[in-house]
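Okay, thanks for making time this morning. I'd like to walk you through one structure, so have a look at it on the screen while I talk.

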Amino acid sequence: MTNHPYLSRVSICLLSICILLVSGCLRDGPPISAAMVEGSRTLTEAEVYSRYAGNSIRFDITDGAKGHFREVYFAKDGSFQTVDFFREGIVEGTWQTHESPFGGYVWKNATSTGFDEEGFYRSEYYDVHLLVNVLQDGTAMLWGRNTNGEQYVVSQPKPTPGFQGRARFNEIKRKISAASP
C-alpha cells in the first residue's frame, strides 16, 4: 500500500528545489536580450576563435563621452594583452573560447597593472566571461560578467589584424617592471 500524503510532500519538496534552482540560474544568467540585438547572431566556438585569434579590438570604453581608448589583442597562443591610451594601465592574462549556446570566450587569470594618481597598482587575478553576438556589418554586442558578478553589455568594432598598440603596451610594461617590488 502506498502512502499518498507522503508522496505528495516529497513531490512538493522536489518541485520546490527545481524551482529554486531554475530561478537562481535565471537570476544570475546573462541578459541575452540586451546583447542580442536584431540582426545579430551567435558564433560557434570555432567562429569565436577565428574572429579574435591574432587580432585586436580598439574601442572607446566611454562610448565617445571622454575618448578613453583601449585596445585588446588576442594572441593565437591563448594569451591576451590590453593597453589603455588614456592612462598608464595594462591587463594581461589568457583567453579561451568556450562551448556555449551563446558563443563566447573567457579571460582567465587576468591581472591589471599600471599607474594612477596614487602610484603603482596591481590587481588580484580575475576572470571575465564574454558572450558575443555579431551583427551583419562585423561589429558585435558583448555581454560580460566578471569574477565579482558585475555584468555589462558593450558594443565592439570589427577586429583588426595584429596589435597596433604594441609599442604603447611595451612602454608601460617596462615602467611597471621598473616599479614592481
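Before I start, one cut-off, as I'll lean on it a lot: a residue is buried if its relative accessible area is under 20%, and exposed if that area is over 50%. Keep in mind too that this is a predicted model.

With that cut-off, let's go to strand 3, which spans residues 69–74. Five of the six residues in strand 3 come out buried, so the rest of the structure largely encloses this strand.

What does strand 3 pair with? On one side there's strand 2, residues 55–60, running antiparallel to strand 3 and joined to it by six bridges. One of the pairs there puts Asp-60 together with Phe-69 of strand 3. Then there's strand 4, residues 79–84, also antiparallel to strand 3, with five bridges between the two. In that pairing, Phe-74 sits opposite Phe-80 of strand 4. Strands 3 and 4 make a hairpin with four residues in between, and Gly-78 in the turn has a positive phi of about 95°.

Staying in strand 4, have a look at Gln-81. Is this glutamine buried or exposed? Gln-81 has a relative accessible area of 11%, which is why it counts as buried. Its side chain makes a polar contact of 3.4 Å with the side chain of Ser-79. Leaving out residues up to four places away in sequence, Gln-81 also touches a set that includes Glu-71, Val-72 and Tyr-73, plus Phe-163, Arg-166 and Phe-169.

Okay, on to the nonpolar cores. The largest one has 19 residues, and those touching the most other members are Tyr-52, Phe-74, Trp-95, Tyr-105, Trp-107 and Val-132. Where does this core come from? At least two residues each come from helix 3, strand 3, strand 5, strand 6, strand 8 and strand 9. Strand 8 is the biggest contributor, giving four residues. There's another core lying apart from this one, made of eight residues, with Val-83, Ile-90, Phe-163 and Ile-172 among them.

Helix 3 deserves a minute of its own. Its buried residues are Val-48, Arg-51 and Tyr-52. Looking down the axis of helix 3, these fall within an arc of 80°, so they line one face of the helix. Turned away from that buried side, the opposite face of helix 3 carries Ala-46 and Ser-50, which are exposed. Just past the end of helix 3 you'll find Gly-54, with a positive phi of about 85°.

One more residue, over in strand 6, residues 104–116: Thr-113. Its relative accessible area is 4%, so Thr-113 is buried too. Which residues does Thr-113 touch, not counting residues up to four places away in sequence? Those are Glu-88, Gly-89, Ile-90, Tyr-121, Arg-122 and Ile-176.

Let me zoom out to finish. The chain has four helices and eleven strands. Of its 181 residues, 35% count as buried. If you take the contacts with a separation of 6 or more, 48% of them are between residues 24 or more positions apart. And for the surface people: the accessible surface comes to about 10,900 Å², with 57% of that belonging to carbon and sulfur atoms.

That's my tour, thanks for listening.

Methods
Residues are numbered from 1 along each chain as its sequence is written. This is a predicted model: local features need pLDDT of at least 70, side-chain atom pairs count only at pLDDT 80 or more; totals for chains, interfaces and linings use all residues. Side-chain values use heavy atoms; hydrogens and water are left out. Buried means under 20% relative accessible area, exposed over 50%, partly exposed in between (1.4 Å probe, protein chains only). Contact means heavy atoms within 4.5 Å. A nonpolar core is a set of buried Ala, Val, Leu, Ile, Met, Phe, Trp, Tyr and Cys residues joined through side-chain atoms within 4.5 Å. Two strands pair if DSSP finds at least two bridges between them. A polar contact is a pair of N or O atoms within 3.5 Å; within protein, one must be able to donate a hydrogen and the other to accept it, and residues adjacent in sequence count only if both atoms are side-chain atoms. Accessible areas come from the Shrake-Rupley method with a 1.4 Å probe; for residues, only the protein chains shown count as cover. The arc is that of the directions from the helix axis to the C-beta atoms.
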